[in-house]
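Here is a short set of exercises to help you find your way around a structure that is new to you. Try each task on your own, then read the solution step by step.

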Amino acid sequence: MPHLAPSTEPERPRVLLVEDDSMVRRSIQLILQARGYDVRAFSSGVQALADPSVVEAACLVTDYRMAGMTGLDLLRGLRAVGWRRPAILITAHRSDYIAEGEDTLFDEILEKPLLDRRLCACVDRATGRA
């Protein structure tokens, strides 16, 4: 069996991105990929939870309000299967999220419209690249 040399490429941390707005999702995906992340993007929490590879993600970036499942419900679903990595919430409705009394579950809360550099800084911290 031939010996394979170790890869010299640094590992690309995987980011789980869940956003129901396709334009916002694609924009965030491109920004994070350009930053060197391996991004697994989904349009719903239900789709994300159906993929067994999501537990390999170094962090979660999710919208709050989505059809079928909120970002909070998604994070609870991930926690239920043992995923304990950092989570970043994106919302245009921070007061709705805070009203649920669960404002400590997410490591960061970013309000829309997003600032690219703030999003990248949050993901860098969450994945240990900061």
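**Exercise 1. Around Leu 60**

Which residues does Leu 60 touch, not counting residues up to four places away in sequence?

*Solution.* Before you start, keep in mind that this is a predicted model. Step one: look for partners earlier in the chain, and you will find Leu 16 and Val 18. Step two: move further along to Leu 74, Leu 75 and Leu 78. Step three: finish the list with Trp 83, Pro 86, Ala 87 and Ile 88.

**Exercise 2. The nonpolar cores**

Find how many residues the largest nonpolar core has, and which elements give two or more residues to this core.

*Solution.* Step one: the largest nonpolar core has 19 residues. Those with the most contacts inside this core are Leu 16, Val 18, Ala 48, Leu 60, Leu 74, Leu 78 and Phe 106. Step two: two or more residues come from each of strand 1, helix 3 (71-80) and strand 4 (87-91). Step three: helix 3 gives the largest share, four residues. Step four: there is also a second, separate core of 15 residues, and Val 15, Ile 28, Cys 59 and Ala 126 are among its members.

**Exercise 3. A closer look at helix 3**

List the buried residues of helix 3, then say what the backbone does at Gly 82.

*Solution.* Step one: in helix 3, the buried residues are Gly 71, Leu 72, Leu 74, Leu 75, Gly 77 and Leu 78. Step two: here is a helpful rule for reading such a list. An α-helix has 3.6 residues a turn, so residues three or four places apart point the same way. Step three: go just past the end of helix 3, where Gly 82 has a positive phi of about 95 degrees.

**Exercise 4. Thr 62 and its surroundings**

Is Thr 62 buried or exposed, and what does its side chain reach?

*Solution.* Step one: locate Thr 62 in strand 3. Step two: its relative accessibility is 0%, so Thr 62 counts as buried. Step three: a polar atom of the Thr 62 side chain lies 3.4 Å from the backbone oxygen of Val 18. Step four: leaving aside neighbours within four places in sequence, Thr 62 has contacts with Val 18, Gly 71, Leu 74, Ile 88, Leu 89, Ile 90 and Phe 106.

**Exercise 5. Salt bridges across the chain**

How many salt bridges are there, and which parts does the pair of Arg 14 and Glu 56 tie together?

*Solution.* Step one: the count comes to eight salt bridges. Step two: in one of them, Arg 14 pairs with Glu 56, and the closest N and O atoms are 3.1 Å apart. Arg 14 sits in strand 1 (residues 14-18) and Glu 56 in the loop between helix 2 (45-50) and strand 3 (59-63), so the pair ties together parts that are 42 residues apart in sequence. These two residues also belong to a network of salt bridges with Asp 38.

Step three: turn to Arg 35 and Asp 124, whose side chains meet in a salt bridge of 2.3 Å, N to O. Because Arg 35 lies in the loop between helix 1 (22-34) and strand 2 (38-42) and Asp 124 in helix 5 (residues 116-127), this pair ties together parts 89 residues apart in sequence. Arg 35 is partly exposed at 41% relative accessible area, whereas Asp 124 counts as buried at 8%.

Step four: Arg 40 forms a salt bridge with Asp 51, with 2.2 Å between the closest N and O atoms. Arg 40 is partly exposed, with a relative accessible area of 29%, while Asp 51 is buried, with 14%.

**Exercise 6. Two acidic side chains**

What do the side chains of Glu 108 and Asp 21 reach?

*Solution.* Step one: find Glu 108 in strand 5 (residues 108-111); at 18% relative accessibility, Glu 108 counts as buried. Step two: a polar contact of 3.0 Å joins its side chain to that of Arg 125. Step three: find Asp 21 in the loop between strand 1 and helix 1; at 35% relative accessibility, Asp 21 counts as partly exposed. Step four: the Asp 21 side chain reaches the backbone nitrogen of Val 24 at 3.1 Å.

Note on methods:
Residues numbered from 1 in each chain as written. Predicted model: local features only at pLDDT ≥ 70, side-chain atom pairs only at ≥ 80, totals over all residues. Heavy atoms only, no water. Salt bridge = Lys/Arg side-chain N within 4 Å of Asp/Glu carboxyl O. Buried < 20%, exposed > 50% of the residue type's maximum accessible area, 1.4 Å probe, protein only. Polar contact = N/O pair within 3.5 Å; in protein donor to acceptor, adjacent residues only side chain to side chain. Core = buried A, V, L, I, M, F, W, Y, C linked by side-chain atoms within 4.5 Å. Contact = heavy atoms within 4.5 Å.
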